[in-house]
Each structure stands twice: as structure tokens, then as C-alpha cells.
Amino acid sequence: MSRGARVVALLLFGAAPLAAQHGGIGPVLGLADYREVSASLRYRGIGPGVSGSFVFHRLSVDGVALWLQMTPQAGGQATQGFRAVQLDGWARFRALDYLTFEVGFTRRTPDSAFAAQSVGAVRIGARTQYALGHGAAMSLRGDYLAGARFSGGGSAPLALEVGLGLDLVFSRHVRAALDYSFQRLDRKTNPGGGPQANAPVEQALGHVGFTVGL
């Protein structure tokens with residue numbers, strides 16, 4: 001089992017003793033659009049993954065691991081593709097039927113340090129959810145990405161993520177989900193000790209999949 005899979009497994013199954021009757025795990029397919037604006041690096045990628053969630057009353061834990069194959073896109077300066085592991089996790093508290101507060105993490109690790117930045121940050125934010133009908137719900141979330149770290153150095157005082165989700169319940173044990181998120185990290189570097197340079201990093205990420213109750 002890869003390191004990424006072990007991290008997500010620990011995140012998800014660590015909550016299992018409390019909430020196994022409300023949990024599920026299943027496959028997902030991810031699509032990504034990644035760019036480093038200042039360097040004009042643009043990639044798109046696709047890859048499989050696994051997701052899971054556990055709920056105990058007002059508390060929940062969710063996690064997704066994706067293994068993405070990224071390829072350079074026309075119009076950019078990138079010439080080398082790479083593989084990336086994308087890990088995302090959330091711990092949530094449902095304060096109201098329509099409002100949930102969340103903390104978590106995001107981490108993206110390419111297999112080539114020269115192709116793209118490794119990025120890691122802590123999520124702090126909230127999510128609002130709306131019932132669309134029997135067995136269907138839509139959610140909208142926003143997070144501040146605190147303490148962002150990059151393999152190439154620098155910091156991101158302003159780093160935000162917005163996301164949109166759709167959940168479909170087919171039965172007590174089978175659910176499907178569609179999720180889209182966009183990250184913008186206003187990375188700033190200080191090469192050679194000179195003036196700060198802007199080196200923003202952006203990623204749009206979508207994944208669709210289903211979970212089977214445990």
C-alpha cells in the first residue's frame with residue numbers, strides 16, 4: 001500500500017469505531033487542471049482514487065486520495081508530464097441543518113520536483129448544504145488554506161479554496177458524489193534575498209464516485 005493510501009486509511013478508519021454504522025468507502029475518478037501562473041506552467045490530468053466518510057451524530061470525517069497523471073497543455077511552457085498524489089481530508093461539525101464548520105488538510109505531491117510544486121496546507125472554513133429533494137443534496141464550501149508550504153520555498157499569506165458538491169443517496173448503503181473545488185494560493189518568493197516575486201499556484205479539481213456503506 002502506498003503512503004498516500006495509508007494516510008487516508010488512517011484518517012478514515014480511525015473514526016470507524018465511533019461511526020462505522022454511518023460510514024462508507026468507494027472508488028472515485030479525478031480530473032485536475034493545474035497551473036503555476038508566473039512560470040506559465042499548465043497541466044491537465046486524470047486518475048483513479050478512493051474516498052470514504054464516517055459520521056457520528058454532528059461529527060464527520062471525510063477523505064479522498066487521488067493518483068493523477070498530469071500532462072502539459074498547449075500555450076504553456078511545460079514540456080514534462082508527471083504523476084501526482086492528491087490527498088484531502090476534512091473533520092466537520094454540523095452546527096445547524098444547513099451549516100457545517102470544518103478543518104482539514106490538503107496535500108499535493110508530484111513525483112518530479114522539477115515539474116511542479118509540492119503543496120501542503122491546513123483547511124479552516126465552513127460548508128452550507130441544501131436539500132434538493134428526496135435523496136439529493138447540494139453543498140457549497142469555502143476554506144482558508146493556512147500555513148501553506150511549497151517544495152520550492154515561499155509563502156502564501158492569501159490562499160483560498162471554494163468547492164461545490166452534489167450528493168445522491170440511492171439506498172441506505174449506496175451513495176454517489178460529485179465534487180468540484182478551486183484553489184488559489186498567492187505564493188510569494190524571495191529569490192536570492194531580493195525583492196519578493198509573485199508566483200501564484202492554481203488548481204481546479206473535480207472527482208466523481210460512489211461509496212458503499214460498511
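Start by selecting Arg83 and Asp111: their side chains meet in a salt bridge, 3.4 Å from N to O. Arg83 belongs to strand β4 and Asp111 to the loop between β5 and β6, so this pair ties together parts that lie 28 residues apart in sequence. Colour the two by accessibility and you'll find that Arg83 counts as exposed, because its relative accessibility is 52%, while Asp111 is partly exposed at 45%. Keep in mind throughout that this is a predicted model.

**Zoom out**

Now show the whole thing as a cartoon. The protein has two helices and twelve strands, and along the sequence both helices come before the strands, in the pattern α-α-β-β-β-β-β-β-β-β-β-β-β-β. Of its 214 residues, 43% count as buried. Switch on a surface and you're looking at about 11200 Å² of accessible area, with 64% of that belonging to carbon and sulfur atoms. If you like contact maps, take the contacts between residues at least 6 apart in sequence: 57% of them join residues at least 24 apart.

**Strand β4 and its partners**

Go back to Arg83 and select the strand around it, β4, residues 82-96. Which way does β4 run relative to β3, residues 59-72? The two are antiparallel, paired over twelve bridges. To check the register, pick Leu59, which stands opposite Phe93 in β4.

Next, add β5, residues 99-110, which is antiparallel to β4 and joined to it by twelve bridges. Here the pair to click is Gly89 and Phe105, with Gly89 standing opposite Phe105 in β5. Follow the backbone from β4 into β5 and you pass through a hairpin of two residues. While you have the strands up as sticks, recall that in a regular strand the side chains alternate between the two faces of the sheet.

**More salt bridges**

How many salt bridges does the structure hold? There are 13. For another one, select Arg44 and Asp33, where the closest N and O atoms are 3.1 Å apart. Arg44 sits in strand β2 (residues 41-56) and Asp33 in strand β1 (residues 24-36), eleven residues apart. Arg44 counts as partly exposed, because its relative accessibility is 48%.

Then jump to Asp186, in the loop between β9 and β10 (188-189). Asp186 forms a salt bridge with Arg184, with 2.6 Å between the closest N and O atoms. Arg184 is partly exposed, its relative accessible area being 30%. Finish this stop by selecting Asp88, Arg123, Arg141, Asp143, Glu161 and Asp179 together: salt bridges with shared partners join them into one network.

Before leaving Asp186, show its neighbours. Leaving out residues up to four places away in sequence, Asp186 touches Ser155, Ala156, Pro157, Leu158 and Pro200.

**The nonpolar patch**

For the last stop, bring the surface back and select Tyr130, Leu132, Met138, Leu140, Val162, Leu164, Tyr180 and Phe182. Together they make a nonpolar surface patch of about 750 Å². The elements giving two or more residues to this patch are β6 (119-133), β7 (136-150), β8 (159-169) and β9 (174-185).

Click on one member, Leu132, which is found in strand β6. Is Leu132 buried or exposed? Leu132 counts as exposed, because its relative accessibility is 52% and the cut-off for exposed is over 50%.

Terms used:
Residues numbered from 1 in each chain as written. Predicted model: local features only at pLDDT ≥ 70, side-chain atom pairs only at ≥ 80, totals over all residues. Heavy atoms only, no water. Pairing = 2+ DSSP bridges. Helix = DSSP H or I, 4+ residues; strand = E, 2+ residues; numbered from the N terminus. Patch = residues over 30% accessible without salt bridge, like charges linked within 9 Å, V, L, I, M, F, W, Y side chains within 5 Å. Areas by Shrake-Rupley, 256 points an atom, 1.4 Å probe, with all protein chains shown as cover. Salt bridge = Lys/Arg side-chain N within 4 Å of Asp/Glu carboxyl O. Buried < 20%, exposed > 50% of the residue type's maximum accessible area, 1.4 Å probe, protein only. Contact = heavy atoms within 4.5 Å.
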